[in-house]
Amino acid sequence: MRKPERWRYWISLGAGIALLLFAAPCRLAAAGPDAAFSGNRAFDDLKHLVAFGPRPAGSKALADARQWMIGQIEQTGLHVEEDSFVASTPAGSLPMTNLLVKIPGVSSQAVIVAGHYDTKRFEDSKFVGANDGGSSAAVLLEMARALAHRKNKFTIWLVFFDGEEAIQQWTATDSLYGSRHLAEKLTTSGDLGRIGAMILIDMIGDAKLNIDRDGNSTPWLTDLIFTTAHRLGYGKVFLNERSAYQDDHIPFVNAGVAAVDLLGNVGPVSPSAPFGSYWHNAKDTVDKCSSDSLAILGRVVLATLEELEKSPQLK
Ligand SMILES: [Zn+2]
């Protein structure tokens, strides 16, 4: 019987090779000067978020963290839209809020860079989600600083999703609350047609980070990101192993948006722990994460945004 895990997945033959690579001592190389995106600043954000304690959807700690994040973003001069809604969950109605930061570009076509900022709810343990929930939010905060004053071709939306985690057990209706809400809202308003691409990041803070190619993501966008990552020298992080993930990109993929999930690991991966041995337990703490990994994601996403400006897939 499958445990209440959040993704359906297959371990491919190639995963064995990934595990071998993973077992080898792996120091993530930093490539080039870090002028725009600061891994150290993002890591400070991560520590700050974890200091709020467990941050499940609907909690006071998450509301406090959200207010702090809004303050951080507003310091860049950018405006934050609060997309609040009430989610129907197995624990009853819960208030949830996505944060949207829209950075205007020359074109009205938009590229979404997204992640979740809630942490999984546990009644019996103190789960602070440094990597799972903290790392994606931290990278997005630093992304706001890096992009705020840049001249961008495309309008860029930074989206902080609430309610990614299941309240009880992962199902199609108990998961992805924020992304399902936003995809539906944009479909209704007609704005979904403006979204040219979506890059989702999740669990990308591990000090020994590995990211597989997700079979549920759009192939051309996945190719673009992995080619860019390899060009930047991050071939040991962006592996060509294949997995298939259920994550916040799925409602957008289902709505016809080109989307990719860059999903890392939370600790060492093994056949019995495909997402890492610290995943969804009390070991997902700051000391397992690194500023290098956050910086790599920041650099790869920023370089991909530049590649998208040249891509015939977007106008
Ligand atoms: Zn999780």
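Contact here means heavy atoms within 4.5 Å. With that in hand, a good place to start in this predicted model is Glu 81, which sits in strand β1. Setting aside neighbours within four places in sequence, Glu 81 touches Asn 98, Leu 99, Leu 100 and Lys 102. One of these, Asn 98, is 17 residues away in sequence, with the two C-alpha atoms 8.3 Å apart. The side chain of Glu 81 also makes a polar contact with that of Lys 102, at 3.3 Å. Glu 81 is partly exposed, its relative accessible area being 33%.

Zooming out, the chain has eight helices and eight strands, and 59% of its 315 residues count as buried. Of the contacts with a separation of 6 or more, 78% are between residues 24 or more positions apart. The chain exposes about 12,900 Å², of which carbon and sulfur atoms supply 54%.

Two helices are worth a look. Helix α5 (residues 177–189) has 13 residues, so at 1.5 Å a residue it should span 18 Å, and its end C-alpha atoms are indeed 18 Å apart. Its buried residues are Tyr 177, Gly 178, Ser 179, Leu 182, Ala 183 and Leu 186, and they pack against β1, β2, β4 and α7. Right after α5 comes Gly 190, with a positive phi near 90°. Helix α8 (residues 291–310) reaches 29 Å between its first and last C-alpha, close to the expected 28 Å. This helix is mostly covered, with 16 of its 20 residues buried.

On to the charged pairs. The salt bridge count comes to 13. In one of them, Glu 142 pairs with Arg 41, with the closest N and O atoms 2.7 Å apart. Glu 142 lies in helix α4 and Arg 41 in helix α2, so this pair ties together parts that are 101 residues apart in sequence. Glu 142 counts as buried because its relative accessibility is 0%, whereas Arg 41, at 39%, is partly exposed. Both belong to a salt-bridge network that links Arg 41, Asp 45, Glu 142 and Arg 145.

A more local case is the salt bridge between Lys 60 and Asp 64, at 2.7 Å from N to O. Both residues lie in helix α3, four residues apart, or about one turn of the helix. Lys 60 is exposed at 62% relative accessibility, while Asp 64 is partly exposed at 32%.

Finally, Glu 306 forms a salt bridge with Arg 150, the closest N and O atoms being 3.7 Å apart. This pair links distant parts of the chain, with Glu 306 in helix α8 and Arg 150 in the loop between α4 and β4, 156 residues apart. Glu 306 is partly exposed at 45%, and Arg 150 is partly exposed at 30%.

How values were computed. Residues are numbered from 1 along each chain as its sequence is written. This is a predicted model: local features need pLDDT of at least 70, side-chain atom pairs count only at pLDDT 80 or more; totals for chains, interfaces and linings use all residues. Side-chain values use heavy atoms; hydrogens and water are left out. Helices (H or I, at least four residues) and strands (E, at least two) are DSSP runs, numbered from the N terminus. The expected span of a helix is 1.5 Å times one less than its number of residues. Buried means under 20% relative accessible area, exposed over 50%, partly exposed in between (1.4 Å probe, protein chains only). A polar contact is a pair of N or O atoms within 3.5 Å; within protein, one must be able to donate a hydrogen and the other to accept it, and residues adjacent in sequence count only if both atoms are side-chain atoms. Accessible areas come from the Shrake-Rupley method with a 1.4 Å probe; for residues, only the protein chains shown count as cover. A salt bridge is a side-chain nitrogen of Lys or Arg within 4 Å of a carboxyl oxygen of Asp or Glu.
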